[in-house]
Amino acid sequence: MSKLFRDVAGESICPQGSVVCIGAFDGLHRGHQALVGHALARARQLGLAVVALSFEPLPREFFCPDEPPPRLSLPRAKFEGLRALGVDVVGLLRFNAALTAMSPEEFVDQVLVLRLNAREVWVGPEFRFGKGRRGDIALLHVMGAERGFAAREIEPVSIDGERVSSSRLRLQLANGDLIGAAHALGHRYVISGKVIRGKQLGRALGYPTANLRLAGKRPALGGIFATWAHGVGPKPLASVASLGVRPTVSGTEPLLEAHLFDFDGDLYGRRLEIEFVAKLRDEEKFADLPALVRQMDIDSQQAREILQHDMEDSGVTA
């Protein structure tokens, strides 16, 4: 079971020493996986705990609250993803005014040395940290030599000559390139969350939905999708999902709504994982609810066909 901590100050979390990797880890793409993998391998060789150190909110969310970057994963999904990779300790440091005021040297001493007792520190390409983004791998080398840890920087991870990055992944998702996103992630893109109560409009229209709120975060993609819903039973359920603000009914908050085909049951409070298979179309505003329902009929039929082919291609039987 991975341990989670949020604060810069406090007692030592790893008194026996640790191997630390630092990154935003938004989306946990293959570049992030490589970084964690290097740290994990070294930690196991040295018999130490491996720590993944990140920040919440993301720095760009803090500095640009009116125009935050689209989020690839919510904080809980980030923690669960790092835990699944084998990380022993996850630090989601509170990115606030106090943290932005810390010099790189203070960050090294207070977090890496005192809090984590780091023996090795691994970072990604062009990593920067501390006030004014003054800290870099060169500073880590110098301070590490003085304080007893080694600093390591991994090479960029590329696919078909293109560097894997959160920025590129956001662009792929925004463009509906779910295949390219899956290559960058090593798996299909998913959004997970707890099912909340909605306004029951979907049920009234003949399409009851499981609604997942995005915790006020800006989603990285939008539209209507063919999806698999995980978390209901032993097998994923075919579904069609809408991700957006629902303009026909004057919605404002982004919401993920998934209609599970041939399912009738209470999902409120259950955690689901929605796996995005194919984008059907962009979200649009219809003249009235009957026009919306006619389009939902078309979307559902198209999603069923796509998912049937997907199931046959994967060799899975219903």
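1. A good place to start is Arg 197, whose charged end sits over the ring of Tyr 268, 3.9 Å from the ring centre. Arg 304 does likewise with Phe 261, its charged end sitting over that ring at 4.2 Å from the centre. Here a charge sits over a ring if NZ of Lys or CZ of Arg is within 6 Å of the ring centre and within 35 degrees of the ring normal.

2. A word on the basis: this is a predicted model, where local features need pLDDT of at least 70 and side-chain atom pairs pLDDT 80 or more, while totals for chains, interfaces and linings use all residues. Residues are numbered from 1 along each chain as its sequence is written, and side-chain values use heavy atoms, leaving out hydrogens and water.

3. Next, the rings: the structure holds 9 aromatic pairs. In one of them, Phe 55 and Phe 107 lie 6.4 Å apart centre to centre with 40° between the planes, a tilted pair. Rings of Phe, Tyr and Trp (its six-membered ring) pair if their centres lie within 6.5 Å; planes under 30 degrees apart count as stacked, over 60 as edge-to-face and the rest as tilted.

4. Phe 55 is buried at 12% relative accessible area, and Phe 107 is buried at 5%. Buried means under 20% relative accessible area (1.4 Å probe, protein chains only). Phe 107 also forms a tilted pair with Phe 129, with centres 5.7 Å apart and planes at 50°.

5. Ring pairs join Phe 55, Phe 62, Phe 63, Phe 95, Phe 107, Phe 127 and Phe 129 into a cluster.

Methods
Buried means under 20% relative accessible area, exposed over 50%, partly exposed in between (1.4 Å probe, protein chains only).
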